[in-house]
Amino acid sequence: MTSGLWELVLKGIWITVQLLFFSALLGGVVSFVVGIARTHRLWIVRFLAGFYTEVFRGTSALIMIFWVFFVLPPAFGWQLVPMWAGTLALGLTYGAYGSEIVRGALNSVDPAQREGGIALSFTPMQRMRLILLPQAVPEMIPPFSNLLVELLKGTALVSIMGMGDLAFSGNLVRLALQESAEIYTYILLIYFVIAFLLTRIMRGLEKRLKAGIGKAPERRGKLAMPRPETTGVGAGAGGGA
Amino acid sequence: MKWDWDAVGDFMPHFWDGLLVTLQALVLGSLISFALGLVWALLMRAPSRWVRWPVGVVTEFIRNTPLLVQLFFLFYVLPEWEITFSAMTTGVVAIGLHYSTYTMQVYRAGIEGVPAGQWEAATALNLPMRRTWTAVILPQAIRRVVPALGNYVISMLKDTPLLMAITVLDMLGEARLFAQQNFQFTEPLTVIGVAFILISYPASLLMRALERRLVR
């Protein structure tokens, strides 16, 4: 492979990382807004949030991407830059998955904590901000870490729309060299390294957040990942599938 | 926003063709992933680390890299090695292989969930290893994991549109072909989007019901 082709791959990595960052940001916001809305006391709010989740979880991410690229522009008369179209489709889809994580973690906080907040006459906002979220967020990190890797894998889909991400650069190199085994092996390895780095970052974050509420990080027998030194008392709930 | 019911009517015959292909890919992919996942899960329990370690690395690698690139890999690289499959076969194998690395974890959890007393009883009854697995451990383990496997089938359904990228005419492939020939994108894409929800939402309700029944 020549240096020119490597430059192409580097550009692809940069696009993939940007897309991953923006869609993770949008997905995170959507997860929290929709997830918290699903624990709201008004049924209509819960219903709408649940409806959003089921619709966006129900379709395929690739179909959402097609929809945002091809149906939105003529329907509303404006066209998004590919980067934002990709961000929108991925963020909304993976946000729907994330909202389930947020809801689950909020529901798993001991009800006595919420009741304590009520007894101390905290407002609902204060209860969420000061009591529920600080205890729920550390529990969300392991599933969010998995979702982030799924999102990274999802970013490859935009290459079908011709966006010059890592997977797309692989196709270009294949066309240039008329040889595919080498370049696709490299592309897969690069994705794997990015996924590995993401998992490591999320594990560090989990450790810090759990230390903040006096818990040890969840123990997971995953290969190529350091095992936590301590088991601690009451170390997290067992990892769900 | 213009909505053309005639376009929907024109698209429907293609839609049914695409649905058939999607469901075929889903069923075959599921079967491969169920079988291969069990093989991985059993290999991960092998006494030798020279078996466990490579299997662990390979499956971790497959799980953490995009299915789309794996599809391209199989589609473009295998012919270079003089192995030629149809696009559909390649796609089914890729999906089955990718999801086997997920189902393997499901099986592992199911096997670990079988109480230790069952193993001890099998030893006490002097059952051979083979019979311990087929008559005692697996029937109990698989019963617990059916809903989780079902959820991966739903995930797989949502990944079948990727096969379009290697020229398979699944639902999305048919929709794109129709859209390009008639310059109508809104109707076919919306029809298949709704179709996916109509299939996957009841399926996920079914899995939740199964979970309540089977997992205790």
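Helices α3 and α4 of chain A are oblique to each other, because their packing angle of about 140 degrees falls outside the ranges for roughly parallel, roughly perpendicular and roughly antiparallel, the last of which needs an angle over 145. This is a predicted model, and the predictor gives the complex an ipTM of 0.86 and a pTM of 0.86. The points below cover that helix pair, two loop residues of chain A, the contact between the chains, and chain B.

**Packing of α3 and α4 in chain A**

- Helix α3(A) spans residues 61-76 and helix α4(A) spans residues 82-107.
- The axes of the two helices lie 9 Å apart.
- The crossing of α3(A) and α4(A) is right-handed.
- On the α3(A) side, the contact is made by A:Ala61, A:Met64, A:Ile65, A:Val68 and A:Phe69.
- On the α4(A) side, these residues meet A:Ala85, A:Gly86, A:Leu88, A:Ala89, A:Leu90, A:Leu92 and A:Thr93.
- By class, the residues of this contact are 10 nonpolar and two polar, with no charged residue.

**Helix α5 and two loop residues with positive phi in chain A**

- Most residues other than glycine have a negative phi.
- A:Ser121 is not a glycine, yet its phi is positive, near 50 degrees.
- A:Ser121 sits in the loop that runs from α5 (111-119) to α6 (124-155) of chain A.
- A:Ser121 counts as exposed, because it has 7 C-beta neighbours inside 10 Å, and the cut-off for exposed is 12 or fewer.
- Helix α5(A), which A:Ser121 follows, is hardly covered: of its nine residues, zero are buried.
- A:Gln178 is likewise a residue other than glycine with a positive phi, in this case about 55 degrees.
- The loop that holds A:Gln178 lies between α7 (166-177) and α8 (181-212) of chain A.
- A:Gln178 has 7 C-beta neighbours inside 10 Å and therefore counts as exposed.

**Contact between chains A and B**

- Chain A contributes 33 residues to the contact and chain B contributes 35 residues.
- Five helices of chain B each supply at least two residues of the side that touches chain A: α2 (49-63), α3 (67-80), α4 (87-112), α6 (129-159) and α8 (186-214).
- Helix α8(B) provides the largest share of that side, with nine residues.
- The side of chain B that touches chain A divides into 24 nonpolar, seven polar and four charged residues.

**Chain B as a whole**

- Chain B has eight helices and zero strands, so its pattern along the sequence reads α-α-α-α-α-α-α-α.
- Along the principal axes, the C-alpha atoms of chain B fill a box of roughly 70 × 45 × 25 Å.
- Of the 216 residues in chain B, 40% are buried.
- Considering contacts in chain B between residues at least 6 apart in sequence, 78% join residues at least 24 apart.
- The mean pLDDT of chain B is 88, and 99% of its residues reach 70 or more.
- Where pLDDT is low, the predicted coordinates should not be read in detail.

Conventions: Residues are numbered from 1 along each chain as its sequence is written. Chains are lettered from A and ligands numbered from 1 in the order in which they are written. This is a predicted model: local features need pLDDT of at least 70, side-chain atom pairs count only at pLDDT 80 or more; totals for chains, interfaces and linings use all residues. Axes are lines fitted to C-alpha atoms, for helices over the stretch in contact, and angles run from 0 to 180 degrees between N-to-C directions. Helices (H or I, at least four residues) and strands (E, at least two) are DSSP runs, numbered from the N terminus. Angles under 35 degrees count as roughly parallel, over 145 as roughly antiparallel, 65 to 115 as roughly perpendicular and the rest as oblique. A crossing is left-handed if the near helix is turned anticlockwise from the far one by less than a right angle, and right-handed if clockwise. Two residues are in contact if their C-beta atoms, placed from the backbone, lie within 7 Å. Ala, Val, Leu, Ile, Met, Phe, Trp, Tyr, Cys and Pro count as nonpolar, Asp, Glu, Lys and Arg as charged, and the others, Gly among them, as polar. A residue is buried if 20 or more other C-beta atoms lie within 10 Å of its own, exposed if 12 or fewer, and partly exposed in between; C-beta atoms are placed from the backbone. pLDDT is the predictor's confidence in each residue, from 0 to 100.
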